[in-house]
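Q: Could you walk me through one part of this model in detail, starting from the pairing at the middle of its sheet and working outwards to whatever packs around it? I would enjoy a connected account rather than a list.

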Amino acid sequence: MTQEEVLAVLSETGALLHGHFELRSGLHSPEFFQCANLLRYPRQAEKLCSELCKLLPEEIAKQADTVISPALGGILVGHEVARALDKKCIFAEKQDGKLVLRRFNILKGEPVIVAEDVVTRGGRVQETIDIVHALGGKVVAVLTLVDRSNGTVDFGIPHYSLLKMSPITWEPNECPHCARGSKAVHPGS
Ligand SMILES: [Zn+2]
């Protein structure tokens, strides 16, 4: 799939919204990612996740035993990635504000792929990598559907992303949409 085809699926499913948004950071943007909207459509999610898996070199894919994702957003992506690669699928979840592995185990030396929907600064992916390494596992690759850092986030581990883009943002007082009198909306509220 080309980047245009990926963007088209994301737009059609409502995962990539166009308009005038206020981000959590307070900045304004003409676009917003709501990956959960893609995951509403299992066949489209399966299609994009299997495309994502094609980016993974075969020797890394062969090594891995397990796919792990940070809950909540990553779980369905991890599940589709694990299906495409025919691996086991587990997830880390929040407990007292921190990601932990509550119901699964990772063996010493177990080769693991980390999968996530969207990465911006990479905090949740890094937390998941740290969990795997703390248990003695080995993260062999990171797979993300959308890399909003445009390739600048660096985990020190091979990272493959279906779509790389840098977000367009403005300070509210420099926002061209605000200048035209439009009011920014908070997606998801
Ligand atoms: Zn604005």
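A: Let's begin with β6 and β7, which pair in the parallel sense over eight bridges. This is a predicted model, so please read everything below as computed from predicted coordinates. Within this pair, Val118 has Val146 of β7 as its bridge partner. On the β3 side, β6 is joined to β3 by three bridges, and these two strands also run parallel. There, Thr66 is bridged to Val112 of β6. How enclosed is β6 itself? Seven of its nine residues are buried, so β6 is largely enclosed by the rest of the structure.

Stepping back, these strands belong to an open sheet of six, in the order β5-β4-β3-β6-β7-β8, with mixed pairing. At its edges are β5 (98-100) and β8 (159-164), each of which pairs on one side only. On average, neighbouring strands in this sheet are turned by 25° against each other, direction ignored. As a reminder, strands of a sheet pair through backbone hydrogen bonds, either parallel or antiparallel. The link from β7 (residues 138-147) to the edge strand β8 is parallel, with five bridges. Val142 is found opposite His159 of β8.

Now for the helices that pack on this sheet. Helix α5 (residues 73-85) touches β3 (66-70), β4 (88-95), β6 (111-119) and β7, and its direction makes about 165° with that of β3. Helix α6 (residues 123-134) touches β3, β4, β5, β6 and β7, with its direction at about 165° to that of β6.

Let's stay with α5 for a moment. Its 13 residues reach 19 Å from the first C-alpha to the last, close to the 18 Å expected at 1.5 Å a residue. Of those 13 residues, 11 are buried, so α5 is largely enclosed by the rest of the structure. Among the buried ones are His79 and Glu80, as well as Val77 and Val81.

Val81 deserves a closer look. The largest nonpolar core has 45 residues, and Val81 is listed with Val112, Ile113 and Val114 as having the most contacts inside this core. Setting aside neighbours within four places in sequence, Val81 is in contact with Cys49, Leu52, Cys53, Val67, Ala115 and Leu143.

The backbone on either side of α5 is worth checking too. In the loop between β3 and α5 we find Leu72, and a cis peptide bond with omega of about 0° joins Ala71 to Leu72. After α5 comes Asp86, whose phi is positive, near 60°. For context, most residues other than glycine have a negative phi, and most peptide bonds are trans.

Following the contacts of Val81 to Cys49, Leu52 and Cys53 brings us to helix α3, since Cys49, Leu52 and Cys53 are among its buried residues, together with Ala45 and Leu48. These buried residues cover an arc of only 145° around the axis, which puts them on the same side of α3. Arg43 and Lys54, on the other side of α3, are exposed. The buried set packs against α1 (3-12), α2 (35-39), α5, β7 and β8. As for its length, α3 (residues 42-54) has 13 residues and reaches 18 Å from first to last C-alpha, close to the 18 Å expected at 1.5 Å a residue.

Leu145 takes us back to the sheet, as this residue is found in β7. Is Leu145 buried or exposed? Leu145 is buried, because 29 other C-beta atoms are within 10 Å, against a threshold of 20 or more. Apart from neighbours within four places in sequence, Leu145 is in contact with Cys35, Leu48, Leu52, Val77, Asp117, Val118, Leu162 and Leu163. Leu145 and Cys35 are 110 residues apart in sequence, yet their C-alpha atoms are 9.0 Å apart in space.

Finally, two loops offer a contrast to that buried position. Asp96, in the loop between β4 and β5, has a positive phi of about 50° although it is not a glycine. Asp96 is exposed, with 5 other C-beta atoms within 10 Å. Asn150 lies in the loop between β7 and β8, and its phi is also positive, near 55°. With 12 C-beta neighbours inside 10 Å, Asn150 counts as exposed, because the limit for exposed residues is 12 or fewer.

How values were computed: Residues numbered from 1 in each chain as written. Predicted model: local features only at pLDDT ≥ 70, side-chain atom pairs only at ≥ 80, totals over all residues. Core = buried A, V, L, I, M, F, W, Y, C linked by C-beta atoms within 7 Å. Contact = placed C-beta atoms within 7 Å. Pairing = 2+ DSSP bridges. Helix = DSSP H or I, 4+ residues; strand = E, 2+ residues; numbered from the N terminus. Axes fitted to C-alpha atoms, helices over the stretch in contact; angles between N-to-C directions. Expected span 1.5 Å × (residues − 1). Arc of directions from axis to C-beta.
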